Amino acid sequence: MRNTIAIFVYIIGVFLGAALMAPIVWMAVFSDMPILNFLNFLESHDDFHRYYNRCLMVLSLSGLWILWRVTKIKSWRELGWTKVAGNSRPLYYGVILGLTSLTAIITLTFIFDAREFRNDIQSSEWTQHCINTLSAAILVGIIEETLFRGILFGLLKRDMNWRAAAVISALIFASVHFIDQKPAISEVTWSSGFTAFPQFIHNFSTDPYWPAHYFNLILTGLILAGVFQRTGNIYCSIGIHAGWIIALKSNGFLTRPANTHILWGENKISDGWIATPLLLILTWYILT
């Protein structure tokens, strides 16, 4: 279980490190010490959660080198990054599958009058929407699939059956999406990284849509891990992830809720039970 232990030590170390590092960075930015004046350009961002998130990101990326060395990953090929030549077709198929699967679900919301098209979109908004959506699809698809499927799932399945590894990686993948709150911290002290962390966690008590959202994210993680296992590379998983992002963001841009319900979700398909049957079918097909 060496690789599994290494993963959990890495995760705990990154969160503890960010909790220790964020107050130090925040105090340095707002310090009056002349030697730290070069950090003054960051003073416009006085929300502590920004500093915690940036420290978490820096430590996550820098810690990957240590994880790479400890687990003796020999090359990017082990993470699913095989030669692009001859493997580009799974990427295109993945994008098509991601787009068509969510488009089918979105169509159902119109059939049942759960959403309606917006009529207030300005022509100038289209360019920004396309840039933001494509950028998010490419960057998030590559980064999250490399981290969660290439590294996390890839290392877990060294120690256990790949289906068990898929379940564990999917649970972690779903859970990190709920560290999404942005509380206002009035006073930052050396211990703020620890005391403020519970406030970063999603407010489940006021969100009736979170069970569907969490379960759908788990199914999403299982599907992407299964595709990675079946294809032997990461390209199809990236394509599916990117296709889903394009469909979700375009749905949010082009339409708005006509009514909200736990079946349809609040403002995105992933937080409603309407998406669950299709995701269950895909999960069963890929994992069996």
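This report describes helices, selected residues and a cavity in one predicted model.

Residues are numbered from 1 along each chain as its sequence is written, and side-chain values use heavy atoms, with hydrogens and water left out. Since the model is predicted, local features need pLDDT of at least 70 and side-chain atom pairs count only at pLDDT 80 or more, while totals for chains, interfaces and linings use all residues.

## Helices

Helices (DSSP runs of H or I with at least four residues) and strands (DSSP runs of E with at least two) are numbered from the N terminus. The expected span of a helix is 1.5 Å times one less than its number of residues.

Helix 4 covers residues 123-159, and because its 37 residues should span 54 Å at 1.5 Å a residue, the 53 Å between its end C-alpha atoms agrees with that expectation. Helix 4 nevertheless bends by about 35° at T146, where the bend is the angle between axes fitted to the seven residues ending at a residue and the seven starting there.

Helix 5, made of the 15 residues 162-176, reaches 21 Å from its first C-alpha to its last, close to the 21 Å expected at 1.5 Å a residue. Its residues W162, A165, A166, S169, A170, I172, F173 and A174 are buried, a class that means under 20% relative accessible area, with exposed meaning over 50% and partly exposed lying in between (1.4 Å probe, protein chains only). What do the buried residues of helix 5 pack against? They pack against helix 1 (2-29), helix 4, helix 8, helix 9 (235-254) and helix 10 (276-287).

Helix 8, with 22 residues, reaches 31 Å from its first C-alpha to its last, which is close to the 32 Å expected at 1.5 Å a residue. After helix 8 comes G232, whose phi is positive, near 80°.

## Residues within helices

Contact here means heavy atoms within 4.5 Å, and the contacts named below leave aside neighbours within four places in sequence.

T220 has its place in helix 8 (residues 210-231) and counts as buried because its relative accessibility is 13%. T220 is in contact with F173, W244 and L279; of these partners, F173 is also among the buried residues of helix 5.

T4, in helix 1, is likewise buried, with a relative accessible area of 8%, and T4 touches L156, D159 and M160.

I238 lies in helix 9 and is buried, its relative accessible area being 7%. The contacts of I238 are W81, L91, G141, I142 and E145. Although I238 and G98 are 140 residues apart along the chain, their C-alpha atoms are separated by 9.8 Å.

L97 belongs to helix 3 and is partly exposed, with a relative accessible area of 34%. Its C-alpha atom is separated by 9.3 Å from that of C236, a residue 139 places away along the chain.

## Residues in loops

The following table gives the places and accessibilities of three loop residues.

| Residue | Place | Relative accessibility |
|---|---|---|
| K72 | loop between helix 2 (48-70) and helix 3 (88-111) | 56%, exposed |
| D113 | loop between helix 3 and strand 1 (115-117) | 54%, exposed |
| N161 | loop between helix 4 and helix 5 | 45%, partly exposed |

K72 is not a glycine, yet its phi is positive, at about 55°. Phi of D113 is near 60°, again a positive value in a residue other than glycine. For N161, the C-alpha atom is separated by 21 Å from that of V70, with their positions 91 residues apart along the chain.

## The cavity

How many cavities of 30 Å³ or more does the structure hold? The structure holds one such cavity, and the largest cavity has a volume of about 40 Å³. On a 1 Å grid over the protein atoms alone, a cavity is a set of points where a 1.4 Å probe fits but cannot get out, and lining residues have an atom within 4 Å of a point. Grid points are joined across faces, edges and corners, and the volume is the space filled by probe spheres set on the points.

The residues that line the largest cavity are A114, R115, P257, N259, W264, G265, E266 and I269. By class, this lining has four nonpolar, two polar and two charged residues, where Ala, Val, Leu, Ile, Met, Phe, Trp, Tyr, Cys and Pro count as nonpolar, Asp, Glu, Lys and Arg as charged, and the others, Gly among them, as polar.

Definitions and conventions
1 Å grid on protein atoms, 1.4 Å probe; cavity = no way out; pocket = protein on both sides within 12 Å on 5 of 7 lines; lining within 4 Å.
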